[in-house]
Amino acid sequence: MHGREVVEATEYRTVPRRRPSAGPSARRPAWAPLLAAIAGILVCLGFLAAAAAGDLARDGLITLVVFVAAIWMWVFAPVPDTYVALGAAVALVVTGPIDTETFTGTLGDSVIWLLVGSFVIAAAVTATGLSARIAARVLTFARTPRQLMHLLTAVLLVTTFAIPATSGRAALALPVFLALAAVLRHRPQLVLALAVGIPSVILFSAVGSLLGAGAHLITSEIVATATGEGYHFVQWLILGLPLAVVWSHLAAEIALALFADRTERRTPLTVPATAFAEAAGSDVLGPLSAPQRRVLGVLALVVVLWCTEAWHGVDPAVVAVLGALLATAPKIGGTTLPAAAKTIPWTLLLFMAATLCLGIALTTSGASAWLAGLVFDPVRSLGPAAGVVFLVLTVVVSLAAHLMIQSRSARSAVLVPIIVATAPAVGVDAAAAAFLSTAAAGFCHTMTSSAKPMAVFAASDTVPGFRPEHLLRYSAVLAPLSVALLLAFAVWVWPQLGLGPTP
């Protein structure tokens with residue numbers, strides 16, 4: 001490790017550095033927006049020509065024009081993603097591809113209520129200090145850097161089922177990381193490996209749960225619109241959890257191998273439980289407090305009810321709201337409902353509702369089918385190899401999309417309707433292709449601006465994190481391995497678990 005890295009990692013409280021820009025235009029050439037705008041206009045003229053020739057219906061034309069404008073603004077415009085998504089949805093209502101009932105109905109969709117209830121439960125878990133306490137109990141067993149990385153990965157995997165957003169899990173993990181960084185101040189290589197590995201595990205482990213990311217719920221709704229049935233909580237768990245476990249531990253191991261040399265990896269360590277007292281907000285050595293036990297019971301009850309939906313028939317959204325009421329009930333919960341409601345990311349929910357509108361419009365207007373034919377017709381002509389080539393393209397395009405579209409939900413809203421429309425024509429199950437694309441979209445590691453968890457752990461005057469060059473090095477190794485892993489699951493693992501057929 002270079003001397004400069006050692007100084008920055010060990011003196012992070014006294015060496016101020018400007019946090020890297022996380023905006024959509026970070027480090028882009030000034031001419032890029034203009035060039036992209038010209039390309040977008042040419043594409044829209046092509047859509048107009050197709051409509052004039054009768055190949056594309058009016059609603060499909062309007063949807064695609066709005067679609068291109070939204071993508072350009074997500075990539076280049078200095079305005080929030082939610083503002084762009086809502087503007088696109090309203091434009092679709094005014095011009096006709098979707099009606100008012102569809103637009104307003106998405107905000108009342110069960111997906112939104114599922115997230116509302118889950119965020120309230122997560123607020124109660126956080127308020128009691130339960131998450132940091134569990135981390136303290138587990139991580140004190142680590143005696144080597146490798147054990148520390150993989151125990152931390154296991155803890156973060158569990159939080160996938162408690163915190164329904166990667167950004168929320170990143171915020172929850174940051175105090176734990178800072179406590180570890182303080183204890184390991186004299187081991188900057190290991191601190192750097194943790195800074196890269198923790199947000200990576202948060203992003204990859206999200207695929208283990210239907211609630212792990214908003215993109216999963218958007219994909220489920222789009223698949224349900226196209227095929228009549230989306231994904232159930234248990235079905236997603238069975239398909240996603242094995243991938244989440246393998247992918248997360250692979251990411252942790254690569255982070256350790258790249259940023260900690262052999263001597264560092266073999267040097268023993270001890271992590272005292274007292275290091276986590278501040279993060280937990282209470283003593284971490286004694287028994288669980290009464291609020292912690294009650295909230296843990298509520299969380300366990302909710303997860304069990306989600307997993308047994310086929311037996312009792314209660315919608316997961318209703319279960320989430322019931323859990324939220326219990327988690328905030330007087331003398332039972334870990335916080336109050338007003339306090340928990342303040343932690344709900346309402347802009348995220350509005351963004352999800354708006355992108356659902358865009359996904360529905362792409363599917364119902366015929367735009368996704370037309371665009372799929374235009375993009376993937378050359379693949380269909382490959383005969384028996386068409387399905388395999390389609391899967392490879394799906395993984396590569398979905399994985400690389402984070403370089404252009406920072407929001408995972410937006411990527412799914414853009415890609416999944418096209419993939420669902422194309423998959424049956426090449427002999428691939430639409431639900432399998434959509435799941436594969438959404439899983440691949442979880443790779444967001446090339447730039448700090450690619451995902452909120454990466455931005456949270458970037459180097460600053462208070463966080464001994466990574467720098468952009470560390471991410472580029474990490475992504476260069478992890479991306480091809482991720483492509484191979486996803487294709488292996490798509491071809492050999494998921495068909496055995498009931499998702500398919502695939503070639």
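In the predicted model, Arg-187 and Glu-264 are joined by a salt bridge whose closest N and O atoms lie 2.7 Å apart. Arg-187 is placed in the loop between helix H9 (166–183) and H10, and Glu-264 in helix H13 (residues 262–266), so this bridge ties together parts of the chain that are 77 residues apart in sequence. Both partners, Arg-187 and Glu-264, are buried. In general, side chains of opposite charge can pair when their charged atoms come close.

The count of salt bridges in the structure comes to four. Another of these is formed by Arg-146 and Glu-253, with a separation of 2.7 Å between the closest N and O atoms. The two residues belong to distant parts of the chain, Arg-146 to helix H8 (residues 145–159) and Glu-253 to helix H12 (residues 233–259), and they are 107 residues apart. Arg-146 counts as partly exposed because its relative accessibility is 36%. Glu-253, with a relative accessible area of 24%, is likewise partly exposed. A further salt bridge brings together the side chains of Asp-59 and Arg-58, with an N to O distance of 3.0 Å. Here Asp-59 has a relative accessible area of 26% and is therefore partly exposed, whereas Arg-58, at 53%, is exposed.

A polar contact was also identified for Gln-189, a residue of helix H10. The side chain of Gln-189 reaches the backbone nitrogen of Asp-261 at a distance of 2.9 Å. Gln-189 has a relative accessible area of 13%, and since the limit for a buried residue is under 20%, Gln-189 is classed as buried.

Aromatic residues contribute nine pairs to the structure. In one of them, the ring centres of Phe-204 and Phe-443 are 6.1 Å apart and the ring planes stand at 35°, so the arrangement is tilted. This pair links distant parts of the chain: Phe-204 lies in helix H10 (residues 188–205), while Phe-443 lies in the loop between helix H23 (430–440) and helix H24 (452–456), 239 residues apart. Phe-204 and Phe-443 are both buried. In the pair of Tyr-231 and Trp-236, the ring centres are 5.2 Å apart and the planes meet at 90°, so this pair is edge-to-face. Tyr-231 counts as buried because its relative accessibility is 5%. Trp-236 is buried as well, with a relative accessible area of 0%. Tyr-231 and Trp-236 also belong to one aromatic cluster, together with Phe-435, Phe-489 and Trp-494.

At the surface, a nonpolar patch of about 610 Å² is made by Leu-34, Ile-38, Ile-41, Leu-42, Leu-45 and Leu-48. Among these residues, Leu-42 is located in helix H2 (residues 32–52). Leu-42 has a relative accessibility of 55% and therefore counts as exposed.

Helix H10 thus carries both Gln-189 and Phe-204. Each of these residues is buried, Gln-189 at 13% relative accessible area and Phe-204 along with its ring partner Phe-443.

Conventions:
Residues numbered from 1 in each chain as written. Predicted model: local features only at pLDDT ≥ 70, side-chain atom pairs only at ≥ 80, totals over all residues. Heavy atoms only, no water. Patch = residues over 30% accessible without salt bridge, like charges linked within 9 Å, V, L, I, M, F, W, Y side chains within 5 Å. Areas by Shrake-Rupley, 256 points an atom, 1.4 Å probe, with all protein chains shown as cover. Helix = DSSP H or I, 4+ residues; strand = E, 2+ residues; numbered from the N terminus. Buried < 20%, exposed > 50% of the residue type's maximum accessible area, 1.4 Å probe, protein only. Phe/Tyr/Trp six-rings, centres within 6.5 Å; stacked < 30°, edge-to-face > 60°. Polar contact = N/O pair within 3.5 Å; in protein donor to acceptor, adjacent residues only side chain to side chain.
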